[in-house]
Amino acid sequence: MAKLTIKDLKKSYGDVEILKGINLNIYDNEFVVFVGPSGCGKSTLLRSIAGLEEVSGGNIFIDDKDITDAAPAKRDLAMVFQSYALYPHMSVRENMAFALKLAKQPKHIIDKKIMDAAKILELDALLDRKPKELSGGQRQRVAIGRSIVRHPKVFLFDEPLSNLDAALRVQMRIELARLHHDLKATMIYVTHDQVEAMTLADKVVVLNKGRIEQVGSPMELYHNPTNIFVAGFLGMPKMSFLQAKVISANSLGLTVELSSGVDMCIPVSSDGIAKGSTVTVGIRPEHIQITDKNNSNFTGRLDVSEHLGSDTYCYVNTDANEQLTVRTPGYYQGKYGDTVGLQVDLRHCHVFNNDGQSLYKLNRSAA
Amino acid sequence: MLSIKQGKQLNTVLIGLLAWGVALVIFFPIFWMILTSFKTEIDAFATPPQLFFTPTLENYTLVNERSDYLRFAWNSVVVSFGSTAIGMLLAIPAAYSMVFYETKRTKSILLWMLSTKMLPSVGVLVPIYLLFKNLSLLDTRTGLIIIYTLINLPIMIWMVYTYFKEIPKDVLEAARMDGATLFQEIWQVLLPMSKGGLASTVLLSLILSWNEAFWSLNLTASQAAPLTALIASYSSPEGLFWAKLSAVSTLACAPILIFGWISQKQLVRGLSFGAVK
C-alpha cells in the first residue's frame with residue numbers, strides 16, 4: 001500500500017542546518033516513532049514529509065513516486081496536530097467532512113465515512129457540537145477522526161498527546177495502538193516522550209541534532225543501543241554511566257578499572273580498544289542489585305530513594321562520587337547515608353568508546 | 001475609612017459617572033443638530049438657546065425642494081461601499097502574506113503604510129488634482145472610490161493584520177493537509193474564523209468613507225458629489241441658515257448613524273477583540 005522512502009533529506013533555516021541528511025525507509029503498515037530531545041529536528045522532519053516545510057535537499061518518495069516538491073494537498077497524507085487544529089467555526093461533522101467535500105465525494109459516501117469513524121472513536125453523540133464545546137480528549141479524537149475518514153496513505157502525528165493530562169494520555173495511547181491495529185495503516189508519530197515511543201512503535205527512529213542516531217524496534221534500541229546518546233535517552237530512569245580505564249582486552253571481553261578503583265570484566269568485543277584507553281561503562285537500573293556488603297562487586301553510599309510502590313529507585317554514590325541508579329523491590333527500606341553493597345550483572349553492561357560508540361556485546365540477545 | 005468592598009463600589013460609581021459624562025459630551029452636538037433642524041430659522045438664532053419650541057418640518061421640505069437629496073445619498077453609498085469592497089479585496093491578501101509569510105521587512109512595510117496617514121492631505125492636493133484632471137477622473141464616482149480606497153487601505157490592512165495574527169497557523173496547515181487550495185484555505189477557513197474582525201474593518205471603512213469631506217469637496221462638483229458636499233453647499237456666502245444646515249446635516253448623518261447603531265455590537269466586539277481575549 002504505502003511505502004515511504006527518504007533520501008539524504010536536508011533542511012536549513014538560513015545558516016542553521018536543522019536536518020543534516022536523513023535516510024530512512026518506512027514500510028507499509030508500520031508504526032514509526034520519531035523521538036529525540038527538543039530541537040533535534042523530529043517535527044521538522046515530519047513537516048517536511050507533510051509538505052508544510054520546503055526542504056533544502058534530498059528527496060521523499062511515497063510508493064516510489066517522488067513527492068519532494070508536491071503540495072501538501074497532493075500527497076494524500078493526513079496529519080494530527082499537537083494543538084488539534086480543528087476548524088472552530090465548523091461542527092464535529094463538518095470538521096470531518098471538510099477534506100471529503102474538497103475532494104468532491106458524494107454526500108452519502110461522506111455520511112457513511114463519518115458514521116464509521118464516529119463509531120470507532122465514540123464520537124456519535126458529539127457530531128453536531130462545535131469544537132469549543134468539547135473536552136481536550138474529545139477534540140483530539142475529532143482531530144484523529146478527521147484524518148481517518150480520508151483513508152490516507154500515511155498518517156502523521158505531531159506530538160498529539162502532549163496537551164492532554166497524564167491519565168488521558170495513557171488512555172489515548174492505548175486507543176492509538178488499537179487504531180493502528182484495526183486500520184492497518186502506515187503511521188508516523190513524533191514525540192519527545194520515550195514511553196510513547198517504546199509502547200507504540202514498531203520502529204523507533206532516534207534523532208539528535210538533525211541526524212538519525214539509530215533506527216530499530218523498541219527492544220533492540222533498549223538492549224543494544226549503538227551509542228551513548230541512544231543508551232542515555234531511552235529508559236526510565238536513565239542508564240548510569242561510569243568512567244573507566246581499560247586494563248586488559250582479550251577474547252572473553254574487556255577488563256576495566258572504574259574510577260572508584262574496582263575491576264570488572266565485561267563481555268564485549270575488544271576490537272580496536274587499546275590497553276590504557278578510557279571508556280564509559282553503562283548500566284541500567286535493573287541490571288544492578290543492592291546486596292550484602294561482603295558478597296558484592298563494590299560498595300556505595302545510599303543517597304535519595306524514590307518509592308513508587310511496585311519498585312524503589314535508589315540513587316547510590318560510588319567512592320569516586322559517580323551516581324548509580326538501582327532498581328530495588330518496592331519493599332526495600334534503605335536509609336539515607338547507608339553503605340550498601342552493589343552487584344552488577346556484567347552480561348548486561350554496555351561499554352562505549354571515546355567517540356561514544358557502543359562496543360559489540362559478545363552475548364548479544366534481546367533479554 | 002472605606003472597606004475594600006466599599007472602595008470598589010465607589011470606583012464603579014465614579015467610572016460610571018465619568019463614562020456617562022464623556023458619552024453626553026460626545027452626543028450633545030448631534031442632539032443639538034437634530035433639535036435645531038426642527039426649529040424655524042428665528043428660533044435657531046434665539047439667545048438664550050431655546051430647548052422648548054414648536055417643531056416644524058419646513059427645513060426638511062425646503063432642503064428637499066432645493067436639492068436632490070437621493071442623488072447625493074446614492075453617490076455616498078456607491079463611493080463608500082465601492083471603496084470598502086476594493087479595499088477589503090486588497091487588504092485581505094496583503095495581511096495574509098504579512099501574517100503567514102512574514103519576512104524581515106514586514107514590520108517596516110506596516111510602519112511605512114501607516115506613515116502615509118501622517119501626511120497632511122492638503123500637501124498632495126495639487127498633484128492629485130492634476131492627476132485626476134489628466135485622467136478625466138474629476139467629479140466621477142470612480143475617482144472618489146480610488147482616492148478613498150487609497151486613504152483607508154493602510155488602516156484596513158493594519159486591522160485585518162491584527163485579526164489574522166490571532167488565527168493559529170496550525171488550523172490553516174490542517175486545511176492545506178485536507179486538500180484545500182490557497183483560495184479555499186482563505187475563503188473557507190481563514191475568513192470565517194476572523195469574520196468578527198473583518199466586519200468591524202468593513203464598518204470602519206464605510207464610516208470613514210461616508211464622512212470624508214476634504215477630497216469629496218475638492219474633487220467633485222455636481223455629478224459625483226456625496227452627502228458631505230451637500231452639507232457644504234448650505235454653508236453659503238449668502239449667510240448662514242442654521243436650521244437648514246442642521247436639517248441637511250441630519251439627513252446626511254442619519255444613514256450611517258442608523259447603520260452604526262444596528263451594527264454597534266459587532267463593531268465594539270471587533271474593535272476590542274484583541275484586548276479582552
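1. Charge distribution. In chain A, the mean position of the 43 positive charges and that of the 42 negative charges lie 5 Å apart. These positions, like every value in this note, are computed from a predicted model.

2. Overall dimensions and surface. Taken along the principal axes, the C-alpha atoms of chain A occupy a box of roughly 75 × 45 × 35 Å. The accessible surface of the chain amounts to about 16600 Å², and carbon and sulfur atoms contribute 49% of that area.

3. Burial and contacts. Chain A has 367 residues, of which 52% count as buried; the cut-off applied here is a relative accessible area under 20%. Among the contacts in chain A with a separation of 6 or more, 64% are between residues 24 or more positions apart.

4. Secondary structure. Chain A contains eight helices and 20 strands. Two of its sheets are described in the points that follow, each of them open and built from five strands.

5. The sheet containing β11 to β14 and β20. In chain A, the strand order of this open sheet is β13-β12-β11-β14-β20, and the pairing is antiparallel. The edges are formed by β13 (263-266) and β20 (350-352) of chain A, each of which pairs on one side only. From one strand to the next, the twist averages 40°.

6. The β12/β13 pairing. At one end of that order, β13(A) is joined by four bridges to strand β12 of chain A, which spans residues 253-258. The two strands run antiparallel. Within this pairing, V256(A) has M264(A) in β13(A) as its bridge partner.

7. The sheet containing β15 to β19. The second open sheet described here has the order β15-β19-β16-β17-β18 in chain A, again with antiparallel pairing. Its edge strands are β15 (288-291) and β18 (323-329) of chain A, and each pairs on one side only. The twist from one strand to the next averages 50°.

8. The β15/β19 pairing. Which strand does β15(A) join through four bridges? The partner is β19 of chain A, covering residues 339-344, and the two run antiparallel. For a specific residue pair to inspect in the structure, T291(A) has G341(A) in β19(A) as its bridge partner.

9. Reading the two sheets together. The edge strand β13(A) is held to β12(A) by four bridges, and the edge strand β15(A) is likewise linked to β19(A) by four bridges. The average twist is 40° in the sheet that begins with β13 and 50° in the sheet that begins with β15.

Note on methods: Residues numbered from 1 in each chain as written. Chains lettered and ligands numbered in written order. Predicted model: local features only at pLDDT ≥ 70, side-chain atom pairs only at ≥ 80, totals over all residues. Heavy atoms only, no water. Pairing = 2+ DSSP bridges. Axes fitted to C-alpha atoms, helices over the stretch in contact; angles between N-to-C directions. Buried < 20%, exposed > 50% of the residue type's maximum accessible area, 1.4 Å probe, protein only. Contact = heavy atoms within 4.5 Å. Areas by Shrake-Rupley, 256 points an atom, 1.4 Å probe, with all protein chains shown as cover. Lys, Arg positive; Asp, Glu negative; His and termini not counted. Charge placed at Lys NZ, Arg CZ, Asp CG, Glu CD.
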